[in-house]
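Me: Could you take a close look at one part of this predicted model, the places where helices pack against each other, and then follow that picture into the pockets?

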Amino acid sequence: MRVPIIAGNWKMHKLPEEAVALCRDLIPRLGKLDDREVVLCPPFTALPAVGEAIRGTKLSLGAQNVFYEISGAYTGEVAPPMLKALGVKYVIIGHSERRQYFGETDEMVNRKMQAALDHGLLPIVCVGETLEQREAGITESLVKSQIEQGFKGIAEGYAKEIVVAYEPVWAIGTGKTATAEEANRVIKVIRETLAGIYGNATAAAMRIQYGGSVKPGNMAELMGQPEIDGALVGGASLDAVSFARIVRYDD
Ligand code: PEP
């Protein structure tokens with residue numbers, strides 16, 4: 001039985017005091033969280049404040065990026081042990097905005113995954129096609145290749161702890177969502193690809209989220225699909241009422 005995981009990616013929003021205010025507004029709205037996991041991913045600068053604000057709750061702390069080296073002359077980068085020391089549990093790796101604006105490749109994603117896992121951080125690794133790739137009919141081969149390259153050499157012992165987020169790039173921040181059936185179909189391809197690497201039992205235990213304009217009005221339908229194990233939520237996670245409704249699958 002896979003425990004659904006819903007993560008809020010706050011992107012480059014919220015000063016520390018604003019982040020704390022959002023946590024205070026959100027926490028009482030969430031319910032018991034006995035049967036699902038919720039992760040908040042604020043910007044690096046708000047990680048300590050959010051870590052403090054969610055202390056004693058069932059919420060987990062996530063970061064939006066990590067570097068693959070552990071220390072050294074890498075101005076502006078943040079190493080896995082630095083995040084670990086702040087109480088970070090999850091880290092988003094390979095978000096399409098990182099791939100698009102910062103030149104992140106599948107090889108870098110792979111190195112970041114390995115470094116994160118080696119230092120006790122759990123990746124939420126993002127894959128997904130652009131509109132052009134979708135229109136060219138290569139969605140399935142593209143996500144298959146992103147998974148195969150991203151997971152290259154990652155030990156089976158780590159696999160079950162890794163979360164995959166299927167995020168069609170054309171659906172991120174655009175208000176356009178993949179239909180629940182479409183998302184389920186691509187996620188099935190992702191799971192089959194993982195089964196090809198780690199075997200059926202491990203792939204069946206791995207959690208795969210959908211991301212891309214998730215809102216209260218479409219979450220219940222997405223979660224009704226057999227392959228979808230939660231959501232990676234951008235814009236709607238910045239609003240306590242919307243994010244709490246998403247977490248509760250409350251249309
Ligand atoms: C995201 O940033 O991962 C995302 C899915 O954004 P949005 O929900 O705003 O489309």
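Reply: Leu22, Asp25 and Leu26 of H1 are in contact with Ala240, Phe243 and Ala244 of H12, and by class the residues of this contact comprise 5 nonpolar, no polar and 1 charged. The two helices span residues 16-26 in the case of H1 and residues 240-247 in the case of H12, and their axes come within 9 Å while crossing at roughly 50 degrees. Because an angle from 35 up to 65 degrees is neither roughly parallel nor roughly perpendicular, H1 and H12 are oblique to each other. The crossing in which H1 passes H12 is right-handed.

A second helix pair can be described in the same terms. Helix H5, residues 106-118, and H7 have axes that come within 8 Å and cross at roughly 45 degrees, which makes H5 oblique to H7. Here, too, the crossing of H5 past H7 is right-handed. On the H5 side the contact is formed by Asp106, Val109, Asn110 and Met113, and on the H7 side by Gln146, Gln149 and Gly150; these residues divide into 2 nonpolar, 4 polar and 1 charged.

Helix H7 leads on to the pockets of the predicted model, starting with the second largest, in which about 190 Å³ of space lies. Of the 16 residues lining this second largest pocket, Arg99, Gly128, Thr130, Gln146 and Val169 are the closest to its centre, and Gln146 is also one of the H7 residues that meet H5. Two or more lining residues come from each of H4, strand E5 (122-127) and helix H7 (139-150), with H4 giving the most, namely 3 residues. By class, the lining of the second largest pocket has 5 nonpolar, 8 polar and 3 charged residues.

Helix H4, residues 96-102, also provides the largest share of the lining of the largest pocket, with 4 residues. The largest pocket has a volume of about 440 Å³, and it is lined by 14 residues, among which Lys11, Met12, Gln64, Arg98 and Phe102 lie nearest its centre. Its lining is made up, by class, of 6 nonpolar, 5 polar and 3 charged residues. Helix H4 is thus the element that gives the most to the lining of the largest pocket and to that of the second largest pocket.

Terms used: Residues are numbered from 1 along each chain as its sequence is written. This is a predicted model: local features need pLDDT of at least 70, side-chain atom pairs count only at pLDDT 80 or more; totals for chains, interfaces and linings use all residues. Side-chain values use heavy atoms; hydrogens and water are left out. On a 1 Å grid over the protein atoms alone, a cavity is a set of points where a 1.4 Å probe fits but cannot get out, and a pocket is an open set with protein on both sides within 12 Å along at least five of seven lines; lining residues have an atom within 4 Å of a point. Grid points are joined across faces, edges and corners, and a volume is the space filled by probe spheres set on the points. Ala, Val, Leu, Ile, Met, Phe, Trp, Tyr, Cys and Pro count as nonpolar, Asp, Glu, Lys and Arg as charged, and the others, Gly among them, as polar. Axes are lines fitted to C-alpha atoms, for helices over the stretch in contact, and angles run from 0 to 180 degrees between N-to-C directions. Angles under 35 degrees count as roughly parallel, over 145 as roughly antiparallel, 65 to 115 as roughly perpendicular and the rest as oblique. A crossing is left-handed if the near helix is turned anticlockwise from the far one by less than a right angle, and right-handed if clockwise. Contact means heavy atoms within 4.5 Å.
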